[in-house]
Structure formats: C-alpha cells, structure tokens
Amino acid sequence: MARELHVVILPWSAFGHIIPLVELSKALAKANIHVSFISTPKNIQRLPKIPPELQSLITMVPFPLPALDADQLQGAEATVDIPFEKMDDLKVAFDLLKQPFKQFIADQVPDWIISDFAAHWAVEVSKEYGVPLAYFSPFSAANNVFCGSPEYLFNAPPSPEFFTSPPEWVPFPSLVALKGFEAVRWHAGVYTVNRSGICDAARLAKIVAGCQVLAVRSCNEIEREYLELHAKLTGKPVIPTGLLPPKKSKRESGNNDVTFDWLDKQKPRSVVFVGFGSECKLSKEQVYGIAHGLELSELPFLWALRKPSWASTDAEALPLVGGSLFHAGWGSVIETLQFGHCLVVLPFIIDQPLNARLLVEKGLAAEVERNEDGSFTGDDISKTLRLAMVEEEGEQLRINARKAAVFFGDEKLQHDHYLGAFVDYLKNNGRKRSYS
C-alpha cells in the first residue's frame, strides 16, 4: 500500500489566510493526505476544532512567534490583534520563522509545501530540500490577474494612476480597477519597502516565480476568464480549489435567542445583514454614516459590529435575510453568496475594492457610491440598499444572486470536483514519487 502524502501548510498570520487553509487542510485530509499545519500558538488556539475523524491526518504545529527587541507586538500574533501601523512589525516577526520552518522541513522532508504570499523565503527552503512548492491564494483570480506577472510585480508602476483602469494585459472587458483614493493606498501599501526589508509585491512575486503550481480559492463558474488569464500571465498551472466554504453550522439556542426571536418575526428575505468583520476597523464617522443610511432605507437589519462566530453561520443562513451590506472581502463573498443574498458592497482595504468591482461586473452586487476622497453619506447607503433589496430595477441582481447560490453552495462541486483535481495534481507531481 502506498504511504500517505505529506503536505506542510504555512499561512500568513491573518485569519483571512489561515481559515481558508484550514478548510483546505480538512479537504486534503478527507483524501487521505497527511497535513502539518504551521501557525503560532495563539492563532492555533483560536481555530475551530478539527473534526474527530480527521484529527489523525491533521497535525497542528505551533511555532512561537519570535519577540522583537522593543516588543512592539506585545504578544499579538495576528493582524486582527494589531492596529494597521504595526503590520510591518508582524511581518518582521513572521520572517523570523524562516529558521524553525527550515529545520522542520529538513526533519520531515514532506512531499509538498503549500504557502501563501508572505513566506517568500519558503522558495529558498523548498529548493534546498527538493520539496515542490505550491502557492495558495485566498484571493479572487481577478485580484491575482490585477497584480500581473512576477516580472511586473518586481517593478513598481511610477504612479497610483496606473491602477485606476484595468491593466493592459487584460484582453476582455473588465471593471476590475481601483478608484483614485484606493489606488494611492494600494501603490504605497503594496510597492513600498517596509520595515521587514521587502515590499508585499516582491513577496508575492518571489512566491509565484518560485512555485510549481498556483492554487486559487475560486471556481470556473464565476471566474473562468480570470483563471485562464492568470495561467497565461504566470506560465504555470493554475488550479481552482473551489471556494472552500466553511461548513454550515446548525442553529443553537443560547445567548442569541433574542436576536433570533426578532428575526423570526420578519418577512422572508426582507432583512439586511450588515457585517464588516474584525479586520476592517471602521471610523466613528463611517459607523454613523452606515447607521444613518440603514435608518433612511427603512429596511429591517441586523448589524454585527464585531462579527461574532455565530453571525455568518446562523443568522445569515436564515431565509428571512435577503441581502448583505459588507466590505467585499473574498471570504465573506463566499459565505454570503452560498445563501443567495443580494449584495451591497462598501469596500475599504486590501483586495476588497477589486472584489467589489468583480461582483458588479458579474451582476452580483451593487456598490455604494462614494466621493473622490472615499467618503459616503447615509443617502448613498440607503439608495443602494433599496435598489438591491426592494426596487424593481434591482430584480435582476436578486435573480443573479439566487442563481449564484446554486454553485456557491454546491458542496459536491466545490469539494469533489475542484478539490479532487487539486489532490490529483499533488499526488501525481509530488517529490519525485508516485502515489495511488
């Protein structure tokens, strides 16, 4: 009997990266692949429990996050724990994991390393020990295409204006581009060398250039043209892993009974779920603007200001919820569309604006209009909510969202078809071995 394939997974210390790779780990374990999942102790402690039937195939490997000289992180181990201005310090500490990671690979000599963008040094380690490297992107394929080829990523565009229209290498009509105020932040945040000594664009470029295969958290049903273009731009196999939706939980009684009692009294598909997650830190003015817009819309709503774990799995799943007002983070897009909600997007950071444009392009979302400086009013929120939820001109949007739920929520398609293809690639292209 052939021995189990062994895969080592190393995510960046952000839960938007960690959680999809936990879902990938569970899917690989179901295919009888042994996974060593590396993260920091506090991050591992905050993860959902691995199902008992998979625990023998998934090993959580805690790597203590090295302390910095001035203790800038004060015990924080993930992006959710720190203000944005300390993000560079987390990258500095994360890069110090290279040596224990290298020692782990030397001891284990696994069949594959799967990493996302942050651990650019995984390329060097994979080459030294002859272990093939797969790059896993928790972002949409459109986002990856927008970033371009590794050669392009190594050379920063001269100005933010470059990002305000679809890139020249996109041969089909596309809305995926940034607005002026977003482009300024993108140019500075992605292409500026930070305190870690390397910019994020170079991290991504090194991983993409040094990997054997690119795995993207997406599917052909929504991003076929972007997936195909991504493969053309990189010259490497691009395999959609499917959307890796988190398992739907069952509604439980407890502290949220009052909320559910209120929800149960609402009309079907009438409630707006509002959630901007824990990574998106809204200002007081933004919170007030959203609140004013919700009031003006006269629609019933449920707003999770600090989105608890039950919010996206229980409340969103109820048939009384018909739409979502959120930031367009890719993980939240996947969670929301599996329920067929119409989407109202108000993006703020990182990949969210690009996802918002993709959703509008696909007829799956309405985006809140904003001023040139990125500000918005309650009227902007109200107008977009009513368009998506109740007005006649938003009917096609609601129809499209219900259609999308068919494949976003299709576990057989997402797990068996897409994950099956990725598993086959891993088994047939591992460390110079053949597995059955």
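# A tour from Q74 to helix 17

Select Q74 first: this residue sits in the loop between strand 3 and helix 3. Helices here are DSSP runs of H or I with at least four residues, strands are runs of E with at least two, and both are numbered from the N terminus. The model is predicted, so local features need pLDDT of at least 70 and side-chain atom pairs count only at pLDDT 80 or more, while totals for chains, interfaces and linings use all residues. Residues are numbered from 1 along each chain as its sequence is written, and side-chain values use heavy atoms, with hydrogens and water left out.

Q74 is not a glycine, yet has a positive phi of about 50°. Most residues other than glycine have a negative phi. With 64% relative accessibility, Q74 counts as exposed. The classes are buried for under 20% relative accessible area, exposed for over 50% and partly exposed in between, with a 1.4 Å probe and protein chains only.

**The seven-stranded sheet**

Next, show the strands in the order 3-2-1-4-5-6-7: these seven form an open sheet with parallel pairing. Two strands pair if DSSP finds at least two bridges between them. Strand 3 (58-62) and strand 7 (238-240) are the edge strands, each pairing on one side only. On average, neighbouring strands of this sheet are turned by 25° against each other, direction ignored. Axes are lines fitted to C-alpha atoms, for helices over the stretch in contact, and angles run from 0 to 180 degrees between N-to-C directions.

Zoom in on strand 1 (residues 6-10) and strand 2 (residues 34-39), which pair in the parallel sense over four bridges. Which residue in strand 2 is the bridge partner of V7? The partner is V35.

Now add helix 1 (residues 15-30), which packs on the sheet and touches strand 1, strand 2, strand 3, strand 4 (112-115) and strand 5 (133-137). The direction of helix 1 makes about 165° with that of strand 2. Contact means heavy atoms within 4.5 Å.

**D95 and W121**

Select D95 in helix 3 (residues 87-95). D95 counts as buried because its relative accessibility is 15%. Not counting residues up to four places away in sequence, D95 touches A118, H120, W121, S196 and R203. The side chains of D95 and W121 are joined by a polar contact of 2.9 Å. A polar contact is a pair of N or O atoms within 3.5 Å; within protein, one must be able to donate a hydrogen and the other to accept it, and residues adjacent in sequence count only if both atoms are side-chain atoms.

Keep W121 selected and add F101. These two form an edge-to-face aromatic pair, 5.7 Å centre to centre with 65° between the planes. Rings of Phe, Tyr and Trp (its six-membered ring) pair if their centres lie within 6.5 Å; planes under 30 degrees apart count as stacked, over 60 as edge-to-face and the rest as tilted. F101 lies in helix 4 (residues 98-108) and W121 in the loop between strand 4 and helix 5 (122-129), so the pair ties together parts that are 20 residues apart in sequence. Both F101 and W121 are buried.

Then move to F162 and W169, a tilted pair at 6.4 Å centre to centre and 40° between the planes. Is F162 buried or partly exposed? F162 counts as partly exposed at 31% relative accessibility, whereas W169 is buried at 17%. Ring pairs link F162 and W169 into a cluster with F146, Y152, F163, W186 and Y191.

**The five-stranded sheet**

Show the strands in the order 9-8-10-11-12, an open sheet of five with parallel pairing. Strand 9 (301-304) and strand 12 stand at the edges with a single partner strand each, so one side of each has no neighbour in the sheet. Strand 10 (residues 321-326) and strand 11 run parallel and are joined by four bridges. S324 stands opposite L343 in strand 11.

Helix 12 (residues 284-297) lies across strand 8 (271-275), strand 9 and strand 10, at about 165° to strand 9. Helix 17 (residues 395-408) packs on the sheet too, touching strand 11 and strand 12, and its direction makes about 110° with that of strand 11.

**Helix 15 and its surroundings**

End at helix 15 (residues 352-361), where eight of the 10 residues are buried. Their cover includes helix 6 (141-147), helix 8 (180-191) and strand 11 (342-345). Just after helix 15, G363 takes a positive phi of about 70°.
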